[in-house]
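Please take a look at this structure with me. We will follow one pair of helices and then look for empty space inside.

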Amino acid sequence: MNSKYLDLLAQKYDCEEKVVTEIINLEAILNLPKGTEHFVSDLHGEYQAFQHVLRNGSGNVKGKIEDLYKKVLTEKEIKEFATLVYYPEEKIKLIKNDFDNERELHQWYTVIIERMINLISYASSKYTRSKLRKALPDQFVYIVEELLYKTDEYTNKEPYYTKIVQQIISLGQADKLIIGLAYTTQQLVVDHLHVVGDIYDRGPEPDKIMDTLINYHSVDIQWGNHDVLWLGAFSGSKVCLANIIRICARYDNLDIIEDVYGINLRPLLNLAEKYYNDNPVFRPKVHSDKKVSEEEQLQITKIHQAIAMIQFKLESPIIKRRPDFKMSERLLLEKIDYDRNEITIHGETYPLENTCFATVNPEQPDQLLEEEEHVMDKLLFSVQHSEKLARHMNFLMKKGSLYLRYNGNLLIHGCIPLDEEGNMEKMVIENQTYAGRELLDTFEYYLRHAFAHPEETDDLAKDMVWYLWTGEYSSLFGKREMTTFERYFIKDKKTHKERKNPYYHLRENEEICSKILAEFDLNPDQGHIINGHTPVKEIDGENPIKANGKMIVIDGGFSKAYQSTTGIAGYTLLYNSFGMQLVAHQHFNSKEDVLINGTDVLSVKRLVDKELERKKVLETNVGEDILQELSILNSLMEYRYMK
């Protein structure tokens, strides 16, 4: 090993005892049980439901409470205690209102603090003291450690421990301590969070999800197609930006653009008011719990049409300059007979309805009006100068990837493009042919290049980001074509159908899943593919566990837009040292419902895979990193202290 590197390292470990201590510590950590991984997917801006799943650890918190107190507390008391751990600030206020005098409240504090300490002791039993210390509330570390590690077999210190708790209560610190201990518990029951794609679009609060993730103790993200759309817009892709605004208009979420990220939509509204009228198919899908005036709905309808037409125009030049994309069939504006108001697609002619072609020049249909160009320039400038959006997109890029190999499993939002025989589909890019893992690595390279070079315009990298959103061989889209145009303007529903990549039926096959795992250098006998993107229709009997447990699909429908077809409100996955459990979630009503009624949103947990032997840190990605550290430290020992 490089002697200069070892000399630098010796400045940190400046004596033999420090090196030995660290080696002993790391070797011991390798023998601890692996931490619990928590997998969520397709959050689609549903912040409240996501928050609840995060706070209860997909049932992990309540499971720990039941382990400790099932024989001691009633079911109602367990629910009360669990809710206190989920939402400590709000629950404390409700509980305090029920007490008539201070003495009863102090008794409650004493009992709850003891229960909290016991819960933390149990939840942290597989962690080092150092790791636990970092999770404790800063202002109470000393006090909590005293209570956690108390020993009093000779009854010498009983008054000491009693006085600590009494003083916490009498000094008015009990609420703060309980709140701090509740958040410590939430952190301890989940060691690491995986977000398997699609934080953005459809739901109303993706920004709050991003803020939560930025402050989460340990997280990674596998980009979804909607996330990549936002990354593309921030990277300078106007067509990605047009798609974002169109989707926000469709789902009545334009306030995310304007109010949350500070992007001025007034120029777009002025354009829309000039050229467009009411149009039923462009009316926004208004949330049931939100009141929108008729005037506001009409404005959104006009904006929706204006940005949709800009999007269709912006797509055409990309298709024309990128023959490798093989998307010439999507040059739809050129396939319209504007006099007869009909379109010919795949050899068949269809009448067009609800059209809004006021800004289209039939002789050059993809030509933007000068006004449209100015609007998009202003919008893009606002997007790239939004401080909040920059913070969110930089975090999404830092923590994200198209796929992740983690603890022997493959995490991917969409698919591995396959042909009908189960072979990796090939795509030619710049005279080079790519397939399988290499194709995904190439996609990611272009995405990162586009993000790093927002000043470049009309370059391949930006076009490739859009392709990830809509292209046939995109691992995120996973369909042959996106029929947005047809859904707006053609009544015949056979034109709306989006044919899925064969991956989506072949993933039921264990052999195919093993082949994919091998493509990513993972053990086909032990690994799993963890997928999002396609809602699992449990209401129709679809099983999220496929291919004899090799494939696990965890998009069950966090998004309210999907819940009528899925029958549930999302799947999540837990993977601890004992194995994997899939958790189905029922519809989340409100935080208030949880606080008042103790309602939880979990259904039966299903065992996916049980470990024959309890998995240790040694067998994880963290274990690999520790082994590398040990190798370096042992080299330092030989170099400096064992000569």
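Lys238, Val239, Ala242, Asn243, Ile245, Arg246, Ala249 and Arg250 in α14 meet a row of partners in α17: Ile300, His304, Ile307, Ala308, Gln311, Leu314, Glu315 and Ile318. Contact here means heavy atoms within 4.5 Å, and helices are DSSP runs (H or I, at least four residues) numbered from the N terminus. The residues of this contact divide into 9 nonpolar, 3 polar and 4 charged; Ala, Val, Leu, Ile, Met, Phe, Trp, Tyr, Cys and Pro count as nonpolar, Asp, Glu, Lys and Arg as charged, and the others, Gly among them, as polar.

This is a predicted model, where local features need pLDDT of at least 70 and side-chain atom pairs count only at pLDDT 80 or more, while totals for chains, interfaces and linings use all residues. Residues are numbered from 1 along each chain as its sequence is written, and side-chain values use heavy atoms, leaving out hydrogens and water.

How do the two helices lie? Helix α14 (residues 238-250) and helix α17 (residues 294-321) pack at an angle of about 155°, their axes 8 Å apart; axes are lines fitted to C-alpha atoms over the stretch in contact, and angles run from 0 to 180 degrees between N-to-C directions. Therefore α14 is roughly antiparallel to α17 (angles over 145 degrees count as such).

Now meet α17 again, at the largest cavity: a set of points on a 1 Å grid over the protein atoms alone where a 1.4 Å probe fits but cannot get out, with lining residues having an atom within 4 Å of a point. Its lining has 16 residues, with Phe312, Glu315, Arg330, Leu332 and Met482 nearest the centre. The largest share of that lining, 4 residues, comes from α17. The lining divides into 9 nonpolar, 5 polar and 2 charged residues.

Key: Parallel < 35°, antiparallel > 145°, perpendicular 65-115°, else oblique. 1 Å grid on protein atoms, 1.4 Å probe; cavity = no way out; pocket = protein on both sides within 12 Å on 5 of 7 lines; lining within 4 Å.
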